[in-house]
Amino acid sequence: MKLATTLEAILYIKAQPLSLEDLAETAGQPLHLVADALLELMDDYAHRDSALEVVETPAGYSLQLRESCQALVTNLIPTELSVGAQRTLAAIALKSPILQTELIELRGSGAYQHIQDLLAQGFIKRRRQQEGRSYWLEVSDKFHQYFEFDAADLDSSSVPETP
């Protein structure tokens with residue numbers, strides 16, 4: 001199998017941006033060979049009539065849907081979040097990971113339903129606290145992909161505290 005094909009499979013399976021170093025490590029190949037194969041793969045996608053493309057993002061290289069197909073995503077997979085659920089999601093994103101009990105104190109008891117909605121739609125993940133009865137809540141990969149958001153882009157010093 002060609003190295004470009006292997007890289008395509010890695011990007012598809014990982015479903016998140018990967019650095020050149022991560023791709024080389026995962027493929028088990030030298031960095032310079034991976035760089036050449038990645039350029040070959042990007043060129044191949046650039047000349048295809050395909051819904052997908054390989055692009056370099058600040059977080060790394062990604063296999064993603066072309067911008068021209070984004071309207072399909074909205075039509076086929078509509079996401080409906082209430083304003084309250086959006087605010088709860090924002091609080092989770094800003095404080096991630098956050099204990100569910102802390103989130104309820106911050107957002108009120110209505111956040112229980114927001115958490116269920118966000119879990120059902122795959123925007124957050126939850127894991128039981130090792131010592132205690134609460135859960136840790138954090139945003140999922142779907143959150144990062146859907147909102148095209150990288151946590152490194154957030155400068156917490158510029159975000160006002162929630163009352």
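The crossing of helices H5 and H6 is right-handed, and I should say at once that this is a predicted model. The axes of H5, residues 83-95, and H6 come within 11 Å and cross at roughly 130 degrees, which makes H5 oblique to H6. On the H5 side the residues that meet H6 are Gly84, Arg87, Thr88, Ala91, Ile92 and Lys95, and their partners in H6 are Leu103, Leu106 and Arg107. Sorted by class, that contact has four nonpolar, two polar and three charged residues.

Let me turn to the other side of the story, H6 with H7. Helix H6, residues 100-107, packs against helix H7, residues 111-120, at an angle of about 125 degrees, with the axes 9 Å apart, and these two helices are therefore also oblique to each other. Here H6 contributes Gln100, Leu103, Ile104 and Arg107, while H7 contributes Ala111, Tyr112, His114 and Ile115; by class, this contact has five nonpolar, two polar and one charged residues.

What, then, does the side chain of Ser134 reach at 3.2 Å? The answer is the backbone nitrogen of Thr101, and a polar atom of that Ser134 side chain also lies 3.4 Å from the backbone nitrogen of Gln100. Ser134 itself is found in the loop between strand E4, residues 124-128, and strand E5, residues 135-139, and because its relative accessibility is 9%, Ser134 counts as buried. Leaving aside residues up to four places away in sequence, Ser134 touches Leu99, Gln100 and Thr101, together with Arg128 and Gln129.

Note on methods. Residues are numbered from 1 along each chain as its sequence is written. This is a predicted model: local features need pLDDT of at least 70, side-chain atom pairs count only at pLDDT 80 or more; totals for chains, interfaces and linings use all residues. Side-chain values use heavy atoms; hydrogens and water are left out. Helices (H or I, at least four residues) and strands (E, at least two) are DSSP runs, numbered from the N terminus. Buried means under 20% relative accessible area, exposed over 50%, partly exposed in between (1.4 Å probe, protein chains only). A polar contact is a pair of N or O atoms within 3.5 Å; within protein, one must be able to donate a hydrogen and the other to accept it, and residues adjacent in sequence count only if both atoms are side-chain atoms. Contact means heavy atoms within 4.5 Å. Axes are lines fitted to C-alpha atoms, for helices over the stretch in contact, and angles run from 0 to 180 degrees between N-to-C directions. Angles under 35 degrees count as roughly parallel, over 145 as roughly antiparallel, 65 to 115 as roughly perpendicular and the rest as oblique. Ala, Val, Leu, Ile, Met, Phe, Trp, Tyr, Cys and Pro count as nonpolar, Asp, Glu, Lys and Arg as charged, and the others, Gly among them, as polar. A crossing is left-handed if the near helix is turned anticlockwise from the far one by less than a right angle, and right-handed if clockwise.
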